[in-house]
Amino acid sequence: MIQIPKGCKDVLPSQAYAWQYVEAAARRAAEAYAFKEIRTPVFEHTELFSRGVGDTTDIVNKEMYTFLDKGGRSVTLRPEGTAGVARAFLEHGLAGGVLPFKAYYLISAFRYERPQAGRLREFHQFGCELYGAAGAFADAEVISLADAFLKNLGLCRVELRLNSIGCKHCRARYHEALKAYFAPHIGEMCEDCKVRFGKNPMRILDCKTEGCKRIAADAPRMLDYLCDDCRAHFEQVKTLLSEAGIAYTVDPSIVRGLDYYSRTVFEFVSDAAGAQGTVLGGGRYDTLLEQMDGKSVPAVGFAAGMERLLLVMEAENCLPPADTGAVCYLAGMDDASHAQAFLLAQQLRSAGISCETDLMGRSVKSQFKYADKTGARFVAVLGERELSEGAAEVKDLRASSSERVKFAELAEYIKRRM
Ligand code: HAM
């Protein structure tokens, strides 16, 4: 039998309610901050990601789903949402429109990673991007949106970790310091880090190899190399967050796995659901749009991983109760009552009440069992007598009561009792 590709997951109807719940919370949070939805293609020209995400990142070097289309063009399934939004912003000349530009997305993304709990090859993100505002208020606003979203989901064991990785000026000095620190250890480092040493030594700080992690533990910290402007920016972000009552920890080890960041970087981390604890990550990226041959537009944003959020919500008991079935089940006893149930069901649906009738030729007893199993609230029974009276016997399964209700009054009756 053909099976699902490794690292992908089906969302079955019995699980979809939890996704819809988180997606609705995401939309509510974004719209409370006046972000509007943006939709971009699932695949883009490969160059967008190699230039945007950065050719020293694992994402670009090892994890992209890249292929030639039938026209011989190299295209890539998006490994994240930021680069596509930046491309759309530039392509539609939105820098000349109303700023700040604020957009959110709910997308699938693709990375060829080693699958484990919370790490998939096809995964889903809720992301927000804000363009045009260079000041610390924009960073604080975006972090506050992320914080509100997670708090609204009821999560308690999620912590905000914050760092600044400076701008291209102060980072150049930092790179020199890192190189001086790592140079004597280069022989002990993994092959990837030997390349990183030459191209982007900060990436070594993100290496998952035990040996490299040990060496990196005592490496110089970017925070000690920030220029005056970057330091002032970071201080203001921290002050704004404290004033807004958003708790954080400064964590100098956060460098993020994508190359486009500058200044503020942050991650919301949970210990509730195993190794993949980062449920949301983001930061400022003031040079990305310029790097993509666009105008220089300051930007800040984040993305949350939906699968990781759902794992953490389950571990913290924050998932809502599972969906129930139709509100009303219409049980028929013979051909004539089935036909009447079919018509009544249509009337109830147009009155906004979800309902079902028998499609399997089941006995009344089995229809009751089905209604009970699927969690219907009411069962309206129709037989020969009910048809002649023009009324159904309606059982309220929650109240364990039963009443005769005229067909014409059924919708009102159900609405009143719900
Ligand atoms: P990222 O840290 O690569 O950032 O991904 C954001 C979130 O997506 C992670 O914190 C994690 O929850 C989830 N995620 C990433 N990879 C996987 C995976 N293989 N399986 C399951 N979940 C995963 C970005 O993608 C940036 N574009 C965020 C951003 C937006 N920065 C600025 N704007």
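Here are some notes on this predicted model, point by point.

1. Let's start with the ligand. There are 26 residues around it, and the closest are Glu80, Thr82, Glu113, Glu129 and Tyr261. Two of these can be pinned down by polar distances to ligand nitrogen: a polar side-chain atom of Thr82 lies 2.8 Å from a nitrogen atom of the ligand, and an N or O atom in the side chain of Glu129 is 2.8 Å from a ligand nitrogen atom. On the oxygen side, a polar backbone atom of Thr278 lies 2.9 Å from an oxygen atom of the ligand. For Thr278, then, look at the backbone rather than the side chain in that contact.

2. Next, helix 7, which runs over residues 191-199. Cys193, Arg196 and Phe197 are its buried residues. Looking down the helix axis, these residues fall within an arc of 110°, so they line one face of the helix. As background, an α-helix has 3.6 residues a turn, so residues three or four places apart point the same way. Turned away from the buried side of helix 7 is a face with the exposed residues Glu191, Gly198 and Lys199. The cover over the buried residues includes helix 3 (58-62), helix 6 (168-182) and helix 8 (210-216). One of those buried residues, Phe197, also has a charge over its ring: the charged end of Lys179 sits there, 5.8 Å from the ring centre.

3. Thr56 is worth a look too. You'll find Thr56 in the loop between helix 2 (46-52) and helix 3. At 10% relative accessibility, Thr56 counts as buried, because the cut-off is under 20%. The side chain of Thr56 makes a polar contact with the side chain of Asn200, at 3.3 Å. Leaving out residues up to four places away in sequence, Thr56 touches Asn61, Lys199, Asn200, Arg203 and Asp259. Lys199 in that list belongs to the exposed face of helix 7.

4. On to the aromatics: the structure holds 14 aromatic pairs. For Phe126 and Phe149, the ring centres are 4.8 Å apart and the planes are at 65°, so this pair is edge-to-face. The pair links distant parts of the chain, with Phe126 in strand 6 (residues 122-131) and Phe149 in helix 5 (residues 136-152), 23 residues apart. Both partners are buried: Phe126 has a relative accessible area of 0%, and Phe149 has a relative accessible area of 0%.

5. Ring pairs also link Phe89, Phe101, Tyr131, Tyr260, Tyr261 and Tyr285 into a cluster. Tyr261 is a name you've met already, among the closest residues to the ligand. Elsewhere, Arg121 lies over the face of Tyr112, 3.9 Å from the ring centre.

6. Finally, some backbone geometry to check. Most residues other than glycine have a negative phi, and most peptide bonds are trans. Leu99 and Pro100 are joined by a cis peptide bond, with omega at about 0°; Pro100 is in the loop between helix 4 (82-91) and strand 5 (101-110). Arg263 isn't a glycine but has a positive phi of about 55°. Arg263 is placed in the loop between strand 8 (249-250) and strand 9 (264-270), and is buried, with a relative accessible area of 16%. Ser400, also not a glycine, has a positive phi of about 50°. Ser400 lies in the loop between strand 15 (391-396) and strand 16 (401-406). Unlike buried Arg263, Ser400 is exposed, with a relative accessible area of 66%.

Methods:
Residues numbered from 1 in each chain as written. Predicted model: local features only at pLDDT ≥ 70, side-chain atom pairs only at ≥ 80, totals over all residues. Heavy atoms only, no water. Buried < 20%, exposed > 50% of the residue type's maximum accessible area, 1.4 Å probe, protein only. Helix = DSSP H or I, 4+ residues; strand = E, 2+ residues; numbered from the N terminus. Arc of directions from axis to C-beta. Contact = heavy atoms within 4.5 Å. Phe/Tyr/Trp six-rings, centres within 6.5 Å; stacked < 30°, edge-to-face > 60°. Lys NZ or Arg CZ within 6 Å of the ring centre and 35° of its normal. Near = heavy atom within 4 Å. Polar contact = N/O pair within 3.5 Å; in protein donor to acceptor, adjacent residues only side chain to side chain.
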